[in-house]
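Please brief me on the ligand site and the enclosed spaces of this protein. Keep it short and grouped by topic.

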Amino acid sequence: MLRLFKRHTKRDVTLLDGIWRFCTDPHRRGMDEEWFKVFPKESRDMVVPSCWNNTLGLYDYEGLAWYATTFEMKTNAAHIKFHGVTGLAKVYVDGTLIGEHYGGFIDFGFTVQAEIAEHTLVVAVDNTHDTINTIPLARVDWFHYGGIIRSVELIHIHDAWISNCNIGYVLDKNLQNVTLKIQATIEAPKKILHNQTVQVYIDNQLICRKTVDLQEHTTITFDNVEQRNIQLWDVDNPKLYYIRIETDTDDIIERIGFRDIKTKDRKILLNNKELFLKGINRHEEHPDWGFAVPFHLMKKDMDIIKMVGCNAIRGSHYPNSEIFLDLCDQEGILFWEEIPMWGFPEEALSNPLVINRGLTMLKEMVLRDFHHPSVIIWGMHNEVASHTNAGVNITKVFSEKIRSLDSSRLLTHASNHPFDDLCYKFGDIVCINQYIGWYDGELSEWPEFLAKLKEKLAKDNLSDMPIVISEFGAGGIYGDCTFESPKWTENYQAKYLAETLRTFLEDEDICGTYIWQFCDIRTAKELALNRPRSFNNKGIVNEYRKPKIAYWTVKEIYENALQIRHKKISPTA
Ligand code: ADA
């Protein structure tokens, strides 16, 4: 299942998910031996989508691997769309390279023109990570799962297909009426098509229409399309609208919601109302599924997160599956989305390859998820050297890119350089990752830290920017409960989160808190020695989604957050 709503009424799509042939290539022989032409005999079965590390015997494998399957062309043109392949993917049809893509958590695809017959499809997947060129780098705090981690679709092209669409809107001052700008890119790979009708519907009602000649690549724009008396999308009432763009032979349905998100006087406003982000960081990960988390588990994660009282999720640290964002749209959960640019030192930040790869990843993320009303924040990077010139340069370029693609959302980066960060000014919110009381310092030092941060922002003339604590947390080993509260126990973790949350909620200048983290996750071998069980154990549920004491503590606080904020009740630890 790819999405939570029907995306097409006309499009002819075959899902290529299932069992493919698979072969690891640790010695990188495949290119020379042309495995894309003749697949090696010693290959084995592999499920697509999945992470190969969750298959027996491949737990540790990181590097190059090959996948092969066959597919049937129904017409002379088709588009093969991959929804997520880790690292570098090279795609071959009938032994010829048709394209390559870098970046693990996003969609990409290539159009093939071929006979109506069976063809071979081979994908070389390379999830090698290094210390300077890859995003993410080798040293991250999650596991380097590899594979074709999300579905693969074969879109049969009948004359022309809508390869892209973008629906932007501007709300009027009273947030009652909306002006839409709808753009569709239509590809007609074989011939020019004359007098084609392109129509747009909102909730099945025709709102605009054009007759056009379609070339190989045509962009059609419907400007100033007005809709009056719309219902807003909000956390309590996540009203969604369905927009269908239709040509003579294809159609695409996008689901959107109208809402306004902005900052003003150190506050975040959703539809002009002050918002406190009761957030949590979630990795899309499970020890048995890796990144290829099944939808049923995503839904359970969502239920657990809603039950603890959250209204916001940070998709740390990479674009999540679209279907999870669909869920956020439906449930009224606010989403922060980012690319896997984690912990980059100065040297890697000034690497032109990294800058270009980062720009492409940001662009692909913004374009893919532009229509999700739940996405309110774009994150540029996490804990990079944002206190250096290289940090400034890359953040400037990144922020300009994102703002040129989307001016309707908030922009930020998660900083671990609270007092010497040079990049806050490129975003809209100051987001701080800080672990006082865990890695160093005492819990009692938080108020002093926050006061110092505000001083720094005042000095930089940034006092208007809202402050969000984007990460804070403590490791708690599931089942380790004691009368005392030493570090690594569930008790200490609960105490840590109770004290920090209370401090943040009572501080009127803090607009949101994202607990680190939702569930325990497997870490990379580079960090394993710092982490008991080779897991990051800061989840409020364990990796099998069983609640720790902290879960119930957080629930009590988040459910009463507004009363605590206005000091009506004091939460228990
Ligand atoms: C960082 C990082 C997280 C995680 C966390 C921790 O802030 O962004 O991914 O590694 O630290 O647990 O220390």
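How do the residues of the shell around the ligand divide into nonpolar, polar and charged? They divide into four nonpolar, four polar and five charged. Here Ala, Val, Leu, Ile, Met, Phe, Trp, Tyr, Cys and Pro count as nonpolar, Asp, Glu, Lys and Arg as charged, and the others, Gly among them, as polar. This is a predicted model: local features need pLDDT of at least 70, side-chain atom pairs count only at pLDDT 80 or more, and totals for chains, interfaces and linings use all residues. Residues are numbered from 1 along each chain as its sequence is written, and side-chain values use heavy atoms, with hydrogens and water left out.

**Ligand site**
- The ligand has 13 residues around it (a heavy atom within 4 Å).
- Asp141, Glu383, Tyr439, Glu471 and Lys538 come nearest.
- A side-chain N or O atom of Glu471 lies 2.3 Å from a ligand oxygen atom.
- For a polar side-chain atom of His317, the distance to a ligand oxygen atom is 2.7 Å.
- For a side-chain N or O atom of Trp342, it is 2.9 Å.

**Cavities**
- The structure holds three cavities of 30 Å³ or more.
- A cavity is a set of points on a 1 Å grid over the protein atoms alone where a 1.4 Å probe fits but cannot get out; lining residues have an atom within 4 Å of a point.
- Grid points are joined across faces, edges and corners, and a volume is the space filled by probe spheres set on the points.
- The largest cavity holds about 120 Å³ of space.
- Its lining divides into eight nonpolar, seven polar and no charged residues.
- The second largest cavity has a volume of about 60 Å³.
- Its lining includes Phe105, Pro319, Met361 and Glu364.

How values were computed: A polar contact is a pair of N or O atoms within 3.5 Å; within protein, one must be able to donate a hydrogen and the other to accept it, and residues adjacent in sequence count only if both atoms are side-chain atoms. On a 1 Å grid over the protein atoms alone, a cavity is a set of points where a 1.4 Å probe fits but cannot get out, and a pocket is an open set with protein on both sides within 12 Å along at least five of seven lines; lining residues have an atom within 4 Å of a point.
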